[in-house]
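Please look over the sequence and the structure shown here, and then follow the explanation below from chain to chain.

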Amino acid sequence: MIIHKIKEILIAKFGDTVIIDEELDQKQPALIIDPDLIDQVCLTLRNHEELWFDFLSCLTGVDYGLEQKKFGVTYHLSSIIKNHQIVLKTFKENDREINNLPVFKSICAVYKAAEWHEREAFDLCGIYFENHPDLRRILLPDDWEGYPLRKDYQTAENYHQIKIDF
Amino acid sequence: MLETNTYNYQEALIRYQEKIKAVAAQEMVLNLGPQHPSTHGVLRLELITDGEIVKEVIPHIGYLHRCFEKHGESLNYAQIIPYTDRMDYLASMNNNHAFVMGVERMLGIENNIPKRVEYIRVLVCELNRIASHLIAIGTYGIDIGAFTPFLWCFRDREHIMNMLEWASGARMLYNYIWVGGLFYDIPVGFEKRCEEFVAYFKPKMKELNQLLTDNQIFISRTANVGVLPLDVAINYGCSGPMLRGSGLKYDLRRVDEYSVYPEIDFEIPFAKGEIGQVGDCWNRYKVRIDEIEESLKIIEQCVKKLTKEHKRTTEFDPRALVPKKTVPKAQDFYVRAENPKGEIGFYFIADGRSDKPFRVKSRGPSFCNLSVLPEISKGVMIADLVAIIGSLDIVLGEVDR
């Protein structure tokens, strides 16, 4: 299976600590990667000639809820040439303070597709991406307060003194 | 104790504002949209222009943001289906299909779905694909300045809209494909009408090709404009006709072999560069024209199957497998499918306890396809920029979700 090969390649390159955990019993097996190495890991997976993960299908920012106190980013990579897919997950603990966002490494340098996906994750989930070229809000207005996809988000009542009815 | 980071979250915004302020005297900042008809909805492009040359394009999106993902967290799976209709509202059936397929795979019932249901799904999806491509072609013509193809495309699309309305009760937002089945079986006589439509539509496609595809004015406006090299397309996550327009034969219907597509015979059209060069606007347009032909083939085969092997019986119940309550096991699942615009994906996180997803993320093909626009429109004329936007075939309902 491709996931075992990926594990071997990553451990050989980055050491044992790069893969924190794995979810192999799922329908779509995932590797949980050290968040500080994710950009390097993606670069390796893209450039390795046996893996060739050239296509970033999806990048998702996730708030894992109030009890878990952690945020995550999930990467769905696929290879057009080799026709296989892999799920990578990263987690970081965070205290949910509005001026202390969880910080992840940006993978824009590896996949340009990540640029807008990361902006969206920043906009809606409040996840900051280090080394992102242009991390502005994308779907919401630039002066919007709060991050709506967080589980503790309080719906705004006004926007520029305009009442929000729904 | 967690460390507090010291990043300034407004830094990029300030940098952007400074850039707009620092535009040189001979340059001009021009807003294209959000009400401009050639931006296909509510896309706003901020152009930094030097005379007629576009130096930089800064897209601003989100004018049609309807919080799909937030809504998804408070609704159960069956209730989310109408929201997927409203993402890419020109290809609602395809969105329904992708979403439903994901939920069915999470429940583990994807192999139990009756073949008739699957064939009906493919049939309505392909009808919807033609409708979506007709809009893409018609509005592309009008962007370039050809008014007639627009009217012709809408005339033909109206037949599809009427057929799908007959099946589902709605003209555009169908909610027809359900988890485990369908809303209803197709009405009596639908197969016949499909055959009539195919017979009617094939000569119309020839006319359309004569009018637009081989039109010298159209070719001059689109060939060699907005060339998207294949490596850039892949790196930006472009999919669907964008990727095939750059010369790669890649279609998820064939790659993933989902639903009954493996049993159906069809080709994957891709750009060969007969006119212009591979990756330009004309080739992207041509891929869509060719895909309509292939969709017609698929429709013919589906109709044949639906009238012979999997024909209508009195005991057939398309809702037989629809679960009373959809509670998937705790898992993460990503499903992808081929929408007319490209790879549509849904990422679910199910907690295993409730019938509502913990998190649902949609990967819209238009969203990724649009993100390549600043890259391929550096240094083009403003008129060419309009041609490039049209060739991307974006639907803002899906870009903004």
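Helices, in the sense used here, are DSSP runs of H or I of at least four residues, numbered from the N terminus. The model is a predicted one, and in its chain B the helix α4, which covers residues 92-107, is followed by B:Gly108, a residue whose phi is positive, near 80 degrees.

The length of α4(B) can be checked by a short piece of reasoning. Because each residue should contribute 1.5 Å, the 16 residues of this helix are expected to span 22 Å, and the 23 Å that separates its end C-alpha atoms agrees with that expectation. As for its surroundings, α4(B) is mostly covered, with 14 of its 16 residues buried.

Further along chain B, UniProt, in an unreviewed entry, places the feature "domain: NADH-quinone oxidoreductase subunit D" at residues 143-401. Over residues 143-401 of chain B, helix accounts for 47% of the chain and strand for 10%, while the end C-alpha atoms lie 24 Å apart.

Chain A offers a view of strand pairing. Strand β1 (residues 19-23) of chain A runs antiparallel to strand β2 (residues 30-33) of chain A, and 4 bridges join the two; within this pairing A:Glu23 stands opposite A:Ala30 of β2(A). With 6 residues between them, β1(A) and β2(A) form a hairpin.

β2(A) also pairs with strand β5 (residues 84-93) of chain A, here in the parallel sense and over 3 bridges, and the residue of β5(A) that serves as bridge partner to A:Ile32 is A:Lys89. Thus β2(A) takes part in an antiparallel pairing with β1(A) and in a parallel pairing with β5(A).

Technical notes:
Residues are numbered from 1 along each chain as its sequence is written. Chains are lettered from A and ligands numbered from 1 in the order in which they are written. This is a predicted model: local features need pLDDT of at least 70, side-chain atom pairs count only at pLDDT 80 or more; totals for chains, interfaces and linings use all residues. Two strands pair if DSSP finds at least two bridges between them. The expected span of a helix is 1.5 Å times one less than its number of residues. A residue is buried if 20 or more other C-beta atoms lie within 10 Å of its own, exposed if 12 or fewer, and partly exposed in between; C-beta atoms are placed from the backbone. UniProt positions are given in the numbering used here, feature names are shortened, and annotations may be inferred rather than shown by experiment.
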